[in-house]
Amino acid sequence: MFVSVTAFTLSLLFLGVFLSGMVTQIDANWNFLDFAYHFTVFVFYFGAFLLEAAATSLHDLHCNTTMAVQPLLSNNQYNINVAATIFAFMTTACYGCSLGLALRRWRP
């Protein structure tokens, strides 16, 4: 959740800077900043994807409670984790493509 909210907030910040016309007033290499942003978000989303996939793989792990052995994740939690893993993978793939395009814009 932290990764997606942070990426959304920074995307809105970038959009606001571009729409307000401050790009011409701020002396910066915007192609590099775009590349650095996409690289950072790609790394964070990839980490979130790996953690979510690892948590989902624990579905069949049984933990010993006081009386009976129960699965670590219920079926509902497992389904939610599968959906979150797929979303994280698709978002990582999209940011990876965007990272490639940003690299192509940055390097002549």
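In this predicted model, a nonpolar surface patch of about 450 Å² is formed by the side chains of Phe8, Leu12, Leu15 and Leu19. One of these residues, Leu19, belongs to helix H1, which spans residues 2–20. Leu19 has a relative accessibility of 67% and is therefore counted as exposed, since the term applies to residues with over 50% relative accessible area.

Aromatic rings were examined next. The structure contains eleven aromatic pairs. In one of them, the ring centres of Phe35 and Phe39 are 6.4 Å apart and the ring planes meet at 25°, so this pair is classed as stacked, a label reserved for planes under 30 degrees apart. Both Phe35 and Phe39 are located in helix H2, which covers residues 30–56, and a spacing of four residues places them about one turn of the helix apart. With regard to accessibility, Phe35 is buried, its relative accessible area being 16%, whereas Phe39, for which the corresponding value is 43%, is partly exposed.

A further pair is made by Phe46 and Phe49, whose ring centres are 6.3 Å apart and whose planes are inclined at 45°, so that the pair is described as tilted; this angle falls neither under 30 degrees, as stacking would require, nor over 60, as an edge-to-face arrangement would require. Phe46 and Phe49 are likewise found in helix H2, and because they are three residues apart, about one helical turn separates them. Of these two residues, Phe46 is partly exposed, with a relative accessible area of 38%, while Phe49 has a relative accessibility of 17% and so counts as buried, given that burial is assigned under 20%.

Aromatic residues are also gathered into a group, in that Phe14, Phe18, Trp30 and Tyr37 together form one aromatic cluster.

Outside the helices, attention may be given to His59, which is situated in the loop between H2 and strand S1, the strand comprising 62–64. Although it is a loop residue, His59 has a relative accessible area of 17% and is therefore buried, as this value lies under the limit of 20%. The position of His59 can also be described in relation to Asn81, for although their positions lie 22 residues apart in the sequence numbering, counted as a separation from one to the other, the C-alpha atoms of His59 and Asn81 are 9.5 Å apart in space.

How values were computed
Residues numbered from 1 in each chain as written. Predicted model: local features only at pLDDT ≥ 70, side-chain atom pairs only at ≥ 80, totals over all residues. Heavy atoms only, no water. Phe/Tyr/Trp six-rings, centres within 6.5 Å; stacked < 30°, edge-to-face > 60°. Helix = DSSP H or I, 4+ residues; strand = E, 2+ residues; numbered from the N terminus. Buried < 20%, exposed > 50% of the residue type's maximum accessible area, 1.4 Å probe, protein only. Patch = residues over 30% accessible without salt bridge, like charges linked within 9 Å, V, L, I, M, F, W, Y side chains within 5 Å. Areas by Shrake-Rupley, 256 points an atom, 1.4 Å probe, with all protein chains shown as cover. Salt bridge = Lys/Arg side-chain N within 4 Å of Asp/Glu carboxyl O.
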